[in-house]
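Biologist: Please choose a single part of this model and go through it closely, and then set that part against the rest of the chain. I would like the terms spelled out as you go.

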Amino acid sequence: MILYHMSQTLSLGDELVCDHQRCKRLSEPFVQGLEQSKDCFIGMVLNVKYMFAVLSKSGLREWADYAKWATEGLFEYVRKTEYPQCVSRLNCNYYYTDLEDSKKLYEYDWGEASEEERAQVHLFEVEVDDYAPEKRDMSIYDIAYEAMSDMQDIELVLSCARKYFAGEHSENPIWEYLSAGKAVAVKDITDVVRK
């Protein structure tokens with residue numbers, strides 16, 4: 001099956017690696033915290049929220065984004081405990097089936113970036129060995145991320161995670177496809193998003 005994938009590190013002919021940036025390790029402590037208790041989890045969140053503020057001053061903000069890793073941790077907790085048949089967001093690759101969505105996402109993620117940063121991002125056609133990748137509404141994840149970032153609202157994030165893995169969608173879904181199957185970059189179509 002041919003799907004689209006955006007990457008800063010992939011080259012034509014490469015096989016995609018699930019969790020290639022090893023981000024799973026950044027979310028697993030949040031899963032473990034929630035397995036202990038919600039109080040333990042929120043204590044972790046507030047601790048790393050402070051660390052995020054400190055690291056933001058040193059230019060290391062991206063990797064210290066507590067809201068992202070805490071949200072991923074809550075989503076993984078829900079997946080493990082309520083939807084174990086679903087693909088883990090922490091151990092898969094993300095794809096799109098629509099070039100227009102790919103363009104929108106490129107502009108959303110990289111529209112404000114420098115020309116040098118934008119030049120590193122490529123869009124590929126990818127041959128995915130999975131004829132039923134899981135279709136999920138990325139906007140539900142975005143709502144959860146904002147709830148964690150703005151209010152540390154654990155219950156809203158958990159509710160969003162349940163909707164996400166149940167396959168529900170918002171009024172204006174942004175579809176992403178999750179697969180842990182083998183995948184190879186077969187064609188660089190970056191010029192499509194840079195027009």
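Modeller: What follows looks at one helix pair and the loop that joins it, and then turns to the wider chain.

The model is a predicted one, in which local features need pLDDT of at least 70 and side-chain atom pairs count only at pLDDT 80 or more, while totals for chains, interfaces and linings use all residues. Residues are numbered from 1 along each chain as its sequence is written, and side-chain values use heavy atoms, with hydrogens and water left out.

The part I have chosen is the pairing of helix H6, residues 138-151, with helix H7, residues 154-166, whose axes lie 9 Å apart at an angle of about 170°. Helices (H or I, at least four residues) and strands (E, at least two) are DSSP runs numbered from the N terminus; axes are lines fitted to C-alpha atoms, for helices over the stretch in contact, and angles run from 0 to 180 degrees between N-to-C directions. The angle therefore makes H6 roughly antiparallel to H7, a term for angles over 145 degrees, whereas those under 35 count as roughly parallel, 65 to 115 as roughly perpendicular and the rest as oblique.

On the H6 side, Ile140, Tyr141, Ile143, Ala144, Ala147 and Met148 meet Leu156, Val157, Cys160, Lys163 and Tyr164 of H7, where contact means heavy atoms within 4.5 Å. By class, these residues of the contact of H6 with H7 divide into 10 nonpolar, no polar and one charged; Ala, Val, Leu, Ile, Met, Phe, Trp, Tyr, Cys and Pro count as nonpolar, Asp, Glu, Lys and Arg as charged, and the others, Gly among them, as polar.

The loop between H6 and H7 holds glutamine 152, which has a positive phi of about 55° although it is not a glycine. Because its relative accessibility is 14%, glutamine 152 counts as buried, a label for residues under 20% relative accessible area, with exposed meaning over 50% and partly exposed in between (1.4 Å probe, protein chains only).

A second helix pair can be set beside this one: the axes of helix H2, residues 38-56, and helix H3, residues 66-82, come within 9 Å and cross at roughly 155°, so that H2 is roughly antiparallel to H3. In this pair Phe41, Val45, Val48, Lys49 and Phe52 of H2 meet Tyr66, Ala70 and Leu74 of H3, and the contact has seven nonpolar, no polar and one charged residues.

As for the setting, the chain has seven helices and six strands, which follow the pattern β-α-α-α-β-α-α-β-β-α-α-β-β along the sequence. The C-alpha trace spans about 50 × 40 × 30 Å along its principal axes, and 44% of the 195 residues count as buried. Of the contacts in the chain with a separation of 6 or more, 83% come from residues 24 or more positions apart. Isoleucine 2, in strand E1 (residues 2-7), gives an example of distant partners, since leaving aside residues up to four places away in sequence it touches Glu125, Val126, Glu127 and Val186. Isoleucine 2 is partly exposed, with a relative accessible area of 40%.
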